[in-house]
Amino acid sequence: MRPEHADGDKAKCGAQKRQGALGDTCTFVAGWGTDHVGFGRCRLHGGNTRNQRTAARTAQADAEARQILATLDVALVADPFTALSRLAGQVLAWQEAISSIVNQLGDRVRYEGASGSEQLRAEIALYERAMDRTGHVLGMIAKLNIEDRMARVTERQADALVSALEAALAAAGVTGPAADDARKAAARHLRAV
């Protein structure tokens with residue numbers, strides 16, 4: 001069977017050709033003739049070697065995890081404390097995305113390499129790396145005492161809101177029981193939010 005040349009939207013092998021003009025690269029479909037079609041080098045350019053298979057599987061797992069990660073709703077934030085919390089959310093999402101790929105492997109976490117030795121799949125290495133990064137970011141948050149800092153920010157915002165309400169009531173000339181009723185109504189509303 002002859003190799004397929006890559007269409008404009010398909011990944012190419014991209015290996016440097018030995019023959020032809022300087023700078024010519026292989027235009028066959030990435031991974032042609034291997035068990036990792038769509039990723040890595042083609043069979044003619046070493047795609048069936050252990051290192052190329054490992055690299056292709058890593059690239060494939062990375063692409064799958066990025067697709068899953070792209071579907072997650074991650075909101076933007078304005079302050080650094082919330083940004084670190086957001087980063088922790090992304091790291092956890094990445095770890096969960098890789099985890100779902102590893103779970104699909106079932107008991108196929110190892111395979112026999114070309115030399116006959118037992119090999120660990122690239123997905124497992126990505127999962128271990130994701131777990132390490134998750135632990136690092138969560139440890140950083142714990143060290144920086146982010147929860148307490150966020151609580152102080154929230155308290156300051158609440159104090160500013162109460163001050164604004166007090167100023168508005170005073171400017172409107174609302175005093176006595178009417179001002180107390182307005183404060184209570186505002187407090188009920190804020191607790192509901």
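**Exercise 1.** Classify Arg66, at 51% relative accessibility, as buried, partly exposed or exposed, and identify the residue whose side chain it meets in a salt bridge.

*Solution.* At 51%, Arg66 counts as exposed, given that exposed means over 50% relative accessible area, buried under 20%, and partly exposed in between (1.4 Å probe, protein chains only). The structure is a predicted model, in which local features need pLDDT of at least 70 and side-chain atom pairs count only at pLDDT 80 or more, while totals for chains, interfaces and linings use all residues. Residues are numbered from 1 along each chain as its sequence is written, and side-chain values use heavy atoms, with hydrogens and water left out.

The partner of Arg66 is Asp62, at 2.9 Å from N to O. A salt bridge here is a side-chain nitrogen of Lys or Arg within 4 Å of a carboxyl oxygen of Asp or Glu. Asp62 counts as partly exposed, at 22% relative accessibility. The two residues are separated by about one helical turn, because they lie four residues apart in helix α1.

**Exercise 2.** Determine how many salt bridges a search of the whole structure finds, and describe those made by Asp35.

*Solution.* The general principle is that side chains of opposite charge can pair when their charged atoms come close. The search of the whole structure finds three salt bridges.

- Asp35 and Arg53 form one of them, at 3.7 Å from N to O. This pair links distant parts of the chain, 18 residues apart, with Asp35 in the segment before α1 and Arg53 in helix α1.
- Arg57 and Asp35 form another, at 2.7 Å from N to O. Arg57 lies in helix α1 and Asp35 in the segment before α1, so this pair ties together parts that are 22 residues apart in sequence.

Next, consider accessibility. Asp35 is partly exposed, at 48%; Arg53 is partly exposed too, at 22%. Shared partners join Asp35, Arg53 and Arg57 into one network of salt bridges.

**Exercise 3.** Is Arg57 buried or exposed, and which residues does Arg57 touch beyond four places away in sequence?

*Solution.* Arg57 is located in helix α1, which covers residues 50–70. Helices (H or I, at least four residues) and strands (E, at least two) are DSSP runs, numbered from the N terminus. With a relative accessibility of 12%, Arg57 counts as buried. Its contacts (heavy atoms within 4.5 Å) are with Asp35, Tyr111, Arg121 and Ala122, once residues up to four places away are set aside.

**Exercise 4.** Compare the expected span of helix α3 with the distance between its end C-alpha atoms, and list the buried residues of α3.

*Solution.* The expected span is 1.5 Å times one less than the number of residues. For the 23 residues of α3 (residues 122–144), this gives 33 Å, and the end C-alpha atoms are 33 Å apart, which agrees. The buried residues of α3 are Ala122, Glu123, Ile124, Leu126, Ala130, Thr134, Val137 and Ile141. Just after the helix, Asn145 adopts a positive phi of about 55 degrees.

**Exercise 5.** State the order of the elements along the protein chain and the percentage of its residues that are buried.

*Solution.* The chain has five helices and two strands, arranged from the N terminus as α-α-β-β-α-α-α. Of its 193 residues, 24% are buried. Among contacts with a separation of 6 or more, residues 24 or more positions apart account for 40%.
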